[in-house]
Amino acid sequence: MSTDDTADRSALQELGKAWVAAELAKDTVTLAALAHPELRLVGPFGFVLDRKQWLDRYQPGQLDTTSLNWDDVEIRVLGDSAISIGRQSQQATFQGRPSNGDFRITHVFVRDRSATHGWLIAGIQLSTIMQPGAPGGPRP
């Protein structure tokens, strides 16, 4: 691993921490600063949100995230893009309904030297983590 890769991974970890803090604070100004204009999110049930829809999740009465952990993260830097795969555990409600869960989360980052962390989030995909043997889950 090169020194550049180490610095990039560190910057991406910091960006990830800023993303978690902004989600918890419902800070759409910071989230907007972290997001590429072409950001797309694929949710755990297959829905797709563009950047505006992603930011609008925090309109009053929509998403209320009370706990969010991002861990077990592996980051691969590929030139001017990077991919992280980690685990997101959350306690939240969406439109008053529970939206709790454990998800495998993939972030796609693109280098942007003008961004605070030198990177922007260009893509997010969430997949529900299911226990082996659970209905619809992997077989043991």
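Is Gln13 buried, partly exposed or exposed? With a relative accessibility of 28%, Gln13 counts as partly exposed, because that value falls between the 20% and 50% cut-offs. Keep in mind that this is a predicted model.

**Starting from Gln13**

Gln13 sits in helix H1. Leaving out residues up to four places away in sequence, Gln13 touches Trp70, Val73 and Ile75. Arg51 is another matter: Gln13 and Arg51 are 38 residues apart in sequence, and their C-alpha atoms are 21 Å apart in space.

Two of those contacts turn up again below. Ile75 has Ser84 of strand S4 as its bridge partner, and Trp70 is half of an aromatic pair with Trp19.

**The strands around S4**

Let's take S4, which covers residues 81–94. Strand S3 (residues 63–78) pairs with S4 in the antiparallel sense, over 13 bridges. The S3–S4 hairpin has two residues between its strands, and Gly79 takes a positive phi near 70° there.

S4 also runs antiparallel to strand S6 (residues 101–111), and 10 bridges join the two. In that pairing Gln90 stands opposite Gly101 of S6.

Then there's S5, residues 97–98, which pairs with S4 in the antiparallel sense over two bridges. Here Phe94 stands opposite Arg97 of S5. The hairpin of S4 and S5 again has two residues between the strands, and Gln95 takes a positive phi near 50°.

As a general point, side chains in a regular strand alternate between the two faces of the sheet.

**Salt bridges**

How many salt bridges does a search of the whole structure find? The count is nine. In general, side chains of opposite charge can pair when their charged atoms come close. Three of the salt bridges are listed here, with their N to O distances.

| Salt bridge | N to O distance |
|---|---|
| Arg40 and Glu38 | 3.9 Å |
| Asp72 and Arg104 | 3.4 Å |
| Asp80 and Arg111 | 2.7 Å |

Take Asp72 and Arg104, whose salt bridge has its closest N and O atoms 3.4 Å apart. The pair links distant parts of the chain, with Asp72 in strand S3 and Arg104 in strand S6, 32 residues apart. Arg104 is partly exposed, at 31% relative accessibility.

Now for Asp80 and Arg111, which meet at 2.7 Å, N to O. Asp80 lies in the loop between S3 and S4 while Arg111 belongs to strand S6, so their salt bridge ties together parts that are 31 residues apart in sequence. Asp80 counts as exposed because its relative accessibility of 51% is over the 50% cut-off. Arg111, by contrast, has a relative accessible area of 21% and is partly exposed. There's a further member to add: Asp8, Asp80 and Arg111 are linked in a network of salt bridges.

Back to Arg40 and Glu38, whose side chains meet at 3.9 Å, N to O. Arg40 is partly exposed at 38% relative accessibility, whereas Glu38 is exposed at 52%.

**The nonpolar core**

In soluble globular proteins, nonpolar side chains generally tend to be buried together. Which residues touch the most other members of the largest nonpolar core here? They are Trp19, Trp54, Trp119 and Ile121, out of 29 residues in that core. The elements that give two or more residues to this core are the helices H1 (3–25), H2 (28–34) and H3 (51–56), together with the strands S1 (35–42), S3, S4, S6 and S7 (119–128). H1 gives the most, with six residues.

Trp54 makes a good stop on the tour. Setting aside neighbours within four places in sequence, Trp54 is in contact with Trp19, Glu23, Leu31, Ala35, Leu39, Leu41, Leu49 and Ile124.

**The tryptophan pair**

The structure holds one aromatic pair. Trp19 and Trp70 form this pair, which is edge-to-face, with 6.0 Å from centre to centre and 85° between the planes. Like the Asp72 and Arg104 salt bridge, the pair links distant parts of the chain: Trp19 is in helix H1 and Trp70 in strand S3, 51 residues apart.

Both partners are buried, because their relative accessible areas are under 20%: Trp19 is at 3% and Trp70 is at 13%. And that brings us back to the start, since Trp70 is one of the residues that the partly exposed Gln13 touches.

Conventions: Residues are numbered from 1 along each chain as its sequence is written. This is a predicted model: local features need pLDDT of at least 70, side-chain atom pairs count only at pLDDT 80 or more; totals for chains, interfaces and linings use all residues. Side-chain values use heavy atoms; hydrogens and water are left out. Two strands pair if DSSP finds at least two bridges between them. Helices (H or I, at least four residues) and strands (E, at least two) are DSSP runs, numbered from the N terminus. A salt bridge is a side-chain nitrogen of Lys or Arg within 4 Å of a carboxyl oxygen of Asp or Glu. Buried means under 20% relative accessible area, exposed over 50%, partly exposed in between (1.4 Å probe, protein chains only). A nonpolar core is a set of buried Ala, Val, Leu, Ile, Met, Phe, Trp, Tyr and Cys residues joined through side-chain atoms within 4.5 Å. Contact means heavy atoms within 4.5 Å. Rings of Phe, Tyr and Trp (its six-membered ring) pair if their centres lie within 6.5 Å; planes under 30 degrees apart count as stacked, over 60 as edge-to-face and the rest as tilted.
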